[in-house]
Amino acid sequence: MVVHASQRWDVKWVAGKVLIALLLLVTVSATSESNDTTRVDTSYHDKAFYQHTWPSMKYGWRIIVGSIVGFLGSAFGNVGGVGGGGIFVPMLTLIIGFDAKSAIAISKCMITGGATATVFYNLRQRHPTLDLPVIDYDLALLFQPMLMLGISIGVSFNVIFPDWMLTILLIVFFVGISVKSFFKGVDTWKKETIIKKEARKKSQIDDIGSPEDAAAQYIQTGDPAKDCTNQSRKKISIIENIQWKELGLLFAIWVMILALEIGKNYTLTCSVVYWVLNLLQVPIAVGMSSYEAVRLYKGTRIIASKGDQQPQWQVLQLILLCACGTLAGMIAGLLGLGGGFILAPLFLGLGIPPQVASATSIMAMAFSASMAVVEYYLLKRFPITYALYFVAVATVSALFGQHLVRKVIALLGRASVIIFILTLTLGVSAVLLGGVGIANIIKRIENKEYMGFANLCKYRV
């Protein structure tokens, strides 16, 4: 195994990401809670009855504008690998008129629709430079179980955290990730420019290769001397393009955790059975991620999408990566996002090519978001007609966005386009979520509503 020192995983960088994600975790629910506008009883000490606000579905400016925003959010979100939840939730609350919790539930439906369509699209796609699927199944198997565990925790405990956990931290987090992604995009763009120039000079000498192919190869290998092998690839069927064992394991963990979540909804909150079903998810998720982590540690499996630049995995590195997956899921469950706003930048930080980072992040979200949709459906958290309509919008938009961006990348020969789309989506999410959160916190302060911690055992939907 070849280990490049420049490519080794920085433990301090990962620890910093975990710390930032933890700060967001205690803050992110402020936005979720701050949008609660129709509680019958504002005191959380006794009971917390929640009254949903479901506007009637009729043709008008709200539907038109909401559809446009949802279409753009899904297109950019799925291309960037973040799902678009940071755009969906404000759109559903500010434009359509849903209450916060219903908006989060419908947002999950939209994320599931867009992510599922994108996954089916990507199942036929190949790695930009290597003879591999564009989806890195080993990377997904490492993160998805912990992501789903975090989702179940976030969905269950999204009513606990108070408003005074300053929504401004949410803005700082998204802005920080946006800035980091932007500089990552600029750096990739510069590398692509250099390799395109070198490839152009080489093509004048031996008349082989192209700037576009070479630029894509540089993102993967960092070695401009290597020629891309795209021309020598053979067409393979979608059946051959799927790693069925890893995909089967992903489905297995999805079914097991979903079954426990469904069973939990038929028990009394905070009862012994309730906690047993909750705790059973831990060994299932940890066991599956640990199985993949051990294989990576021993070298029996590798993150194949990195090509020759394989790191020498350490125990602490793998633990921190799994912790990031859990925190991403918890945040996603609290705010109705897809979890990709952490996974996609994290994958880029690992040195995964933008196309693979986006495709793998979306696949992990498709499983986790669909689980949340089933839970919200059992809780009767969203109207079916609205959900079906916006799922259709998100699905069509996701397919359109994937097709268009691949055409743009092929035309420009720059995969950094995906990173800039990710940056734009994160930045817009920061403005929308932060603005909505601050506005509603001010409103609750003016109404002198209770803004302390809620009691999970006394909360009723």
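Which residues line the second largest cavity? The tour arrives at that cavity after a survey of the chain and of helix H2.

**Before selecting anything**

The model is predicted: local features need pLDDT of at least 70, side-chain atom pairs count only at pLDDT 80 or more, and totals for chains, interfaces and linings use all residues. Residues are numbered from 1 along each chain as its sequence is written, and side-chain values use heavy atoms, with hydrogens and water left out.

**The whole chain**

Display the chain by secondary structure. It comes to 14 helices and two strands; helices (H or I, at least four residues) and strands (E, at least two) are DSSP runs, numbered from the N terminus. Of the 461 residues in the chain, 56% are buried. Here buried means under 20% relative accessible area, exposed means over 50%, and partly exposed lies in between (1.4 Å probe, protein chains only). Among contacts (heavy atoms within 4.5 Å) between residues at least 6 apart in sequence, 83% join residues at least 24 apart.

**Helix H2**

Select residues 61-80, which form helix H2. Its 20 residues should span 28 Å at 1.5 Å a residue, and its end C-alpha atoms are 28 Å apart, which agrees; the expected span is 1.5 Å times one less than the number of residues. Colour the buried residues next: Ile63, Gly66, Ser67, Gly70, Gly73, Ser74, Ala75, Gly77, Asn78, Val79 and Gly80. To see what covers them, add helices including H3 (85-96), H4 (100-122), H11 (340-349), H12 (354-378), H13 (384-412) and H14 (416-446). Just after H2, Gly81 takes a positive phi of about 85 degrees.

**The second largest cavity**

Keep Val79 in view and add Asn122, Gln355, Ser358, Ala359, Gln402, Val405, Arg406, Ile409 and Ile418; together with Val79, these residues line the second largest cavity. A cavity is a set of points, on a 1 Å grid over the protein atoms alone, where a 1.4 Å probe fits but cannot get out, and lining residues have an atom within 4 Å of a point. The volume of this cavity is about 80 Å³, where a volume is the space filled by probe spheres set on the points, with grid points joined across faces, edges and corners. The count comes to five cavities of 30 Å³ or more.

Which helix gives the largest share of the lining? H13 does, with four residues, while H12 and H13 each supply at least two. By class, the lining has five nonpolar, four polar and one charged residues. In this scheme Ala, Val, Leu, Ile, Met, Phe, Trp, Tyr, Cys and Pro count as nonpolar, Asp, Glu, Lys and Arg as charged, and the others, Gly among them, as polar.

**Helix H13**

Now select H13 along its length. Its 29 residues should span 42 Å at 1.5 Å a residue, and its end C-alpha atoms are 41 Å apart, which agrees. Buried residues in H13 include Gln402, Val405 and Ile409, which also appear in the cavity lining. The buried residues of H13 are covered by helices including H2, H3, H4, H12 and H14. Just after the helix, Gly413 takes a positive phi of about 70 degrees.

**Rings in H13**

A search of the whole structure finds 11 aromatic pairs. Rings of Phe, Tyr and Trp (its six-membered ring) pair if their centres lie within 6.5 Å; planes under 30 degrees apart count as stacked, over 60 as edge-to-face and the rest as tilted. Select Tyr386 and Phe390: their ring centres are 6.1 Å apart and their planes stand at 5 degrees, so the pair is stacked. These two residues are four apart in H13, separated by about one helical turn. Tyr386 counts as buried at 3% relative accessibility, and Phe390 is buried at 0%. Add Tyr389, whose ring centre is 5.2 Å from that of Phe390, with the planes at 75 degrees, so this pair is edge-to-face. Tyr389 counts as partly exposed, at 29% relative accessibility. Show Phe98 as well, since ring pairs link Phe98, Tyr386, Tyr389 and Phe390 into a cluster.

**Last stops**

Select H14, whose 31 residues should span 45 Å at 1.5 Å a residue; its end C-alpha atoms are 45 Å apart, which agrees. H14 is followed by Lys448, with a positive phi near 55 degrees.

Finish at Lys191, in helix H6 (residues 168-206). Lys191 is partly exposed, with a relative accessible area of 33%. Lys191 and Arg414 are 223 residues apart in sequence and 9.8 Å apart in space, C-alpha to C-alpha.

Definitions and conventions
1 Å grid on protein atoms, 1.4 Å probe; cavity = no way out; pocket = protein on both sides within 12 Å on 5 of 7 lines; lining within 4 Å.
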